[in-house]
Amino acid sequence: MKCNSKPYKTLILALSLMFAIVPVTAQQSMPGMSPDPAFTERERKIMPFSLTATLHTFTNTADGGTEAVKVKNPKDRKNIALIRSHLLKEAKKFGLGDFSDPAYLHGKNMPGIILVSAGAKSGRIKIMYSNLPTGAQLRYKTSDPKLVKALHIWFEAQVKDHGHHATMGR
């Protein structure tokens with residue numbers, strides 16, 4: 001094979017693109033890893049509670065799912081109050097289809113967010129807030145299978161972005 005042959009040039013181009021993409025992909029968080037520093041800064045602007053003292057747990061259900069935020073130390077009354085205040089505010093906004101906070105945090109085109117927002121705005125996704133002993137949760141419920149799938153995709157994207165601050169529940 002000659003160095004200037006088309007298959008050789010194609011291989012070199014493919015390898016170059018692969019190595020160019022790897023650093024960008026490596027900056028995105030995976031579950032259990034620290035989030036990207038720019039993401040962490042946006043996270044701090046949106047969420048009033050300590051991210052290191054809390055854990056987001058996203059749990060898929062057959063009709064939607066739950067998003068729970070709990071403190072790691074059950075005696076942490078300050079962060080419990082901040083979690084409850086924040087999630088209550090978000091529940092009200094989400095119920096109107098306003099997902100501007102997660103869009104700012106994760107990006108306007110984050111997987112699932114457009115369908116989830118439209119489903120909530122149209123009333124096809126119900127969002128219910130409840131206190132938990134060590135935090136609070138939002139329950140997302142719909143009878144539309146496409147919206148259930150969108151919620152699950154949206155949850156997975158959040159866990160990926162939040163890194164070690166989030167997990168998928170069972």
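Helices and strands are taken here as DSSP runs, with at least four residues for a helix and at least two for a strand, numbered from the N terminus. In these terms, Thr142 sits in the loop between strand E4 (135-141) and H6. The model is a predicted one, and this loop residue is a handy point from which to start exploring it. Thr142 has a relative accessible area of 7% and is therefore buried, since the cut-off for that class is under 20%. A polar atom of the Thr142 side chain lies 2.7 Å from the backbone oxygen of Arg124. Beyond its neighbours within four places in sequence, Thr142 is in contact with Asp63, Arg124, Ile125, Leu147, Val148 and Leu151.

With that loop located, the view can be widened to the whole chain. Its secondary structure amounts to six helices and five strands, which follow one another along the sequence in the pattern α-α-β-β-α-α-α-β-β-α-β. The chain has 170 residues, of which 41% count as buried. Among contacts between residues at least 6 apart in sequence, 63% join residues at least 24 apart.

The strands are a good place to continue. Strand E1 (residues 54-61) runs antiparallel to E2, and eight bridges join the two. The connection from E1 to E2 is a hairpin through two residues. Two of the pairings can be picked out by name: Thr61 stands opposite Gly64 in E2, while Leu55 has Lys70 of E2 as its bridge partner. E1 also pairs with strand E5 (residues 166-168), in this case in the parallel sense and over three bridges. Within that pairing, Phe58 stands opposite Met168 in E5.

E2 in turn pairs with E4, in the antiparallel sense, over seven bridges. Here Ala68 has Gln137 of E4 as its bridge partner. Strand E2 (residues 64-71) is mostly covered, with seven of its eight residues buried. In a regular strand the side chains alternate between the two faces of the sheet.

Val69 offers a closer look at this covered strand. Val69 belongs to E2, and its relative accessible area is 0%, so it counts as buried, the limit being under 20%. Leaving out residues up to four places away in sequence, Val69 touches Phe49, Thr54, Leu55, His56, Ile83, Leu87, Thr134, Gly135 and Ala136. Val69 and Ala166 are 97 residues apart along the chain, yet their C-alpha atoms are separated by 8.8 Å.

A second residue worth a visit is Leu115, which lies in helix H5 (residues 113-121). Leu115 has a relative accessible area of 47% and is thus partly exposed, because this value falls between the 20% limit for buried and the 50% limit for exposed. Not counting residues up to four places away in sequence, Leu115 touches Leu147 and Ala150. In the case of Ala150, the separation from Leu115 is 35 residues in sequence and 6.3 Å in space, C-alpha to C-alpha. Leu147 appears again in this picture, as it is also among the residues in contact with Thr142.

Finally, the interior of the model deserves a look. The count comes to one cavity of 30 Å³ or more. The largest cavity has a volume of about 130 Å³. Its lining is made up of 16 residues, and those that lie nearest the centre of the cavity are Met47, Glu67, His86, Glu90 and Gln158. The elements that give two or more residues to this lining are helix H3 (77-95), helix H4 (100-106) and helix H6 (145-162). By type, the lining residues of the largest cavity divide into eight nonpolar, five polar and three charged.

Key
Residues are numbered from 1 along each chain as its sequence is written. This is a predicted model: local features need pLDDT of at least 70, side-chain atom pairs count only at pLDDT 80 or more; totals for chains, interfaces and linings use all residues. Side-chain values use heavy atoms; hydrogens and water are left out. On a 1 Å grid over the protein atoms alone, a cavity is a set of points where a 1.4 Å probe fits but cannot get out, and a pocket is an open set with protein on both sides within 12 Å along at least five of seven lines; lining residues have an atom within 4 Å of a point. Grid points are joined across faces, edges and corners, and a volume is the space filled by probe spheres set on the points. Ala, Val, Leu, Ile, Met, Phe, Trp, Tyr, Cys and Pro count as nonpolar, Asp, Glu, Lys and Arg as charged, and the others, Gly among them, as polar. Buried means under 20% relative accessible area, exposed over 50%, partly exposed in between (1.4 Å probe, protein chains only). A polar contact is a pair of N or O atoms within 3.5 Å; within protein, one must be able to donate a hydrogen and the other to accept it, and residues adjacent in sequence count only if both atoms are side-chain atoms. Contact means heavy atoms within 4.5 Å. Two strands pair if DSSP finds at least two bridges between them.
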